[in-house]
Amino acid sequence: MNKLSKIVLAATGIVAASSAKAAEKVWIEPSGTYLYASKDGQDLYMDVYEPAEGSVTSIDGREKPAVIFMFGGGFKEGERNNLSYSKWFSMLSENGFKVISIDYRLGLAGVKKVGLTQAGLVENAIHLAVEDLFSATSYIVQNAEMLGVNPSNIVISGSSAGAISVMQAEWELCNATSYASLLPEGFRYAGVMSFAGAIFSRKGRIRYAEAPSPILMFHGTADKIVEYKQIWFFRLRFAGSCVIARTLARCGFSYNFYRFKDCSHEIAVSMEQNFAEEMRFIETNVMKGSPRIIDALVTKDPAIPESVWKGMSSADLYKD
């Protein structure tokens, strides 16, 4: 299989792994559902979950950010209100966060097979999702008072395809691409949380023209669904979290990255298991503005099944 085929397969084979899903299912009802856009004959909605009554919504006088979430499903399927995410939404709510889970257009829905010459379909699907994230963000900014959101205090997050979308969105924003023009002038996100994300580039190595918002990444070192390292074909790149982290480090930008040794795509749905690290990132890097850098190789985690740990040289983590 050549490299371009691998890029296509990596970006289109993204499905929610079941091994890391919580056994306990919790259903949390949104406080409101809003139509934020209609595109290509499809109505796009967002569910808003308020901080739980009595929860702490600030730390040392600093307001906790609202968290936008984008679901996974290979740009083919998925739902903003899937039960798999409900417990995590509940955990965020109980810890004083407003959560906004959004629809986005599924650019590969109905596509049975994506071949060698169809990398453009993958790129289009990613950018449709990014456009919809930016449209949802613009709606939130325009209706900030009604929604009770501080426009300067929004963290974006995503799982798998959703993680690709939020990482791509921040990259587009930092490089002031035409897609970023969909956002209000001068707008920046407060932070990014990616659960097995990547960036698609037609311009060779990924670069950031401006410093990105604080970024938190979780990725399994053996993930071949959303590539942990990178796949490339001439100037076409599908750069995973490992390469993104190296780029951020080279530029002197702060980031938090948890590399789960020998884990595969189950890390894409590990939001509950990694909640403590998420809270530390939001409280320290986002809310306090600390330039703290974490680059950790997680070799044993009781939250991840023992069967996924196999053994890998740490030197291999930094190779292309």
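**Exercise 1. Work out whether C174 is buried or exposed.**

Solution. C174 has a relative accessibility of 1%. Buried means under 20% relative accessible area, exposed over 50%, and partly exposed in between (1.4 Å probe, protein chains only). C174 therefore counts as buried. Try C263 too: at 0% relative accessible area, C263 is buried.

A quick note before going on: this is a predicted model, where local features need pLDDT of at least 70 and side-chain atom pairs count only at pLDDT 80 or more, while totals for chains, interfaces and linings use all residues. Residues are numbered from 1 along each chain as its sequence is written, and side-chain values use heavy atoms, with hydrogens and water left out.

**Exercise 2. Find how many disulfides there are.**

Solution. Look for pairs of cysteine sulfur atoms within 2.5 Å. The count comes to zero disulfides.

**Exercise 3. Describe the salt bridge between K39 and D132.**

Solution. Start with the rule: a side-chain nitrogen of Lys or Arg lies within 4 Å of a carboxyl oxygen of Asp or Glu. For K39 and D132, the N to O distance is 2.9 Å. Next, place them: K39 lies in strand β1 (residues 32-39) and D132 in helix α3, so the pair ties together parts 93 residues apart in sequence. Helices (H or I, at least four residues) and strands (E, at least two) are DSSP runs, numbered from the N terminus. Both K39 and D132 are buried. Finally, zoom out: K39, D40, R105, E131 and D132 are linked in a network of salt bridges, and the whole structure has twelve salt bridges.
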